[in-house]
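Here is a short report on one protein model. Keep the sequence and the 3D view open as you read.

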Amino acid sequence: MVKEIGVGAAVAVLVFLGINGVDVWPLLLLLGLGIVVFATGLMNRLNVGQSRKVEVGVRSSVSFQDIGGQNTAKNELMEALEFVLRPDDMERLGIRPLKGILLTGPPGTGKTLLAKAAANYTDSIFLAASGSEFVEMYAGVGAQRVRQLFREARQIARKENLNSAIIFIDEIEVMAGRRGQHQSHLEYDQTLNQLLVEMDGMSTQEDVRILVMAATNRADLIDPALLRPGRFDRTVRVDLPDRMGREAILLLHTKNKPLAKDVNLGQIAVETFGFSGAHLESVCNEAAILALREDATIVTQGHFKSAIDKVLLGEKLDRHLRREELYRVAIHEGGHAIIGELVNPGSVSSITIAPRGMALGFVRQAPDDDRLLQTVSELKADIAVCLAGSTAERILLGEQSTGASSDFEKAWDIARRMVTSGLSSLGVVQEEALSPEVLYQTVQEIIRDSQELVDELVTSHQSSLLELAALLMEQETLPGERVRELVA
Ligand code: ATP
């Protein structure tokens, strides 16, 4: 509206000046120049090909053998890809073509790798883009990009003499969130609508069959219209790898590295509980970097152990603590380690008072096996380990410090989980119906009980704790076996 008034006023001024004998040609020329500059800028911003960072169509060299673990996801995916591999059979039986496969799971678990392997397996052209690349301020640009992506996929496949293409869209939740929820919803909605239109238009009769694969860490945000049959009608879960999966991934990423005889990938897999494939790749890489720094010709188990700490906590810091601070850290970490061994024998993998990332010290615990379920006593043991650091400080040094705040947070979370899972004195509860006061009291009760046990254990193991702290002051890092000897 303001724009229109401005243009009208400018025209009126020009006419007025012209009538009164003023030479308006230079002004008109200037105005014309301004319009050209503005239009060029707009075109550049709208230029689809220029700003989209799509991985242009390639033949993928990644195969399913290059992906460690993820056997369920691989099998599910291969089964779904039969649709692409046997188009004639599909048509003969009147089967509707598979148009989309959604890969869901945490970051770094190999979703992009699986999409690339799918392209290789089906001999398809592979085009990748990220959801965020389709969303711009200007309405219509995202939709135009979607159209262009599909067009490009067909063109490149034809050029390569292939009859199928896989379009991979990472972070699909950015462009395919529930419609009407975004502030600039018109642009988001148009982009998603265009994707749905393209998918609806795909058929087996085309010379290039397109399969859309998309990945997300937030399947809950996706517009249900996208998941309805005939669109993304296969969802494959890509979870964090289990112990065997981790070992398989480590094996793949150490293939090109000279390993010492002492390297035990099975043990590294045990100690990397909760790591994704990307974390494990990073562990292997960091281990080799550490070997390089030491001018070693082979990568040892020690390098791998330090690499795990680095990936978990960050780079070793050159921060020098005062001696009494360092001793406090030794007592604190010693408390975690000794109580850890008492409540969960064999669980401590290593203990260090070398600062890394945000941590001044650290006890690494290696669970025997991946745990999917935890019992009440296991949860209570975890709370006890969390409380042990500050308890050791209080009993042996006379007072606590601020170093335990994240331990308390963790203990609180576990206790809260116990309450909401029906494992507290309240019995089975409905979380929403629980008043904050009752929840608070019950969590407090659980933590108080654990605190009593930890106080007893720390008091009765004071001498081992003092010995462990002295050893740490001397050697900085100790293996779990040393803690076990002291506890025994
Ligand atoms: P994001 O959700 O963050 O996009 P993603 O699930 O797509 O992650 P990828 O990009 O496929 O993860 O994996 C990142 C890197 O991690 C890979 O290049 C590879 O080095 C390693 N990686 C992840 N999973 C595996 C696996 N199962 N086997 C081998 N390497 C893996």
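## An exposed glutamate and its patch

E456 has a relative accessible area of 57%, so it counts as exposed. (Buried means under 20% relative accessible area, exposed over 50%, and partly exposed in between, with a 1.4 Å probe and protein chains only.) E456 sits in helix 18, residues 436–460. (Helices are DSSP runs of H or I with at least four residues, strands are runs of E with at least two, and both are numbered from the N terminus.)

E456 also joins E445, D449 and E452 in a negative surface patch. Patch residues have over 30% relative accessible area and no salt bridge, and like charges are joined within 9 Å. Asp and Glu count as negative. The place of a charge is CG for Asp and CD for Glu. Areas come from the Shrake-Rupley method with a 1.4 Å probe.

## About the model

This is a predicted model: local features need pLDDT of at least 70, side-chain atom pairs count only at pLDDT 80 or more, and totals for chains, interfaces and linings use all residues. Residues are numbered from 1 along each chain as its sequence is written, and side-chain values use heavy atoms, with hydrogens and water left out.

## Salt bridges

The count is 18 salt bridges. (Each is a side-chain nitrogen of Lys or Arg within 4 Å of a carboxyl oxygen of Asp or Glu.) K310 pairs with E286, with the closest N and O atoms 2.9 Å apart. This pair links helix 14 (residues 301–313), home of K310, to helix 13 (residues 277–293), home of E286. The two residues are 24 apart in sequence. Both K310 and E286 are buried.

D309 meets R364 in a salt bridge of 2.7 Å, N to O. D309 is in helix 14, while R364 is in strand 8 (residues 362–365), 55 residues apart. D309 and R364 are both buried.

R416 and E431 form a salt bridge at 3.3 Å, N to O. R416 lies in helix 17 (residues 405–420), and E431 in the loop between helix 17 and helix 18. R416 is partly exposed because its relative accessible area is 31%. E431, at 39%, is partly exposed too. Elsewhere, E82, R86, D89 and R92 are linked in a network of salt bridges.

## Cysteines and a loop residue

How many disulfides does the structure hold? It holds zero. (A disulfide is a pair of cysteine sulfur atoms within 2.5 Å.) C284 is buried because its relative accessibility is 0%. C386 is buried at 5%.

V62 lies in the loop between strand 1 (55–59) and helix 4 (71–85). Its relative accessibility is 15%, so V62 counts as buried. V62 and K116 are 54 residues apart in sequence, and 5.9 Å apart in space, C-alpha to C-alpha.

Conventions:
Patches are made of residues with over 30% relative accessible area and no salt bridge: like charges are joined within 9 Å, nonpolar side chains (Val, Leu, Ile, Met, Phe, Trp, Tyr) within 5 Å.
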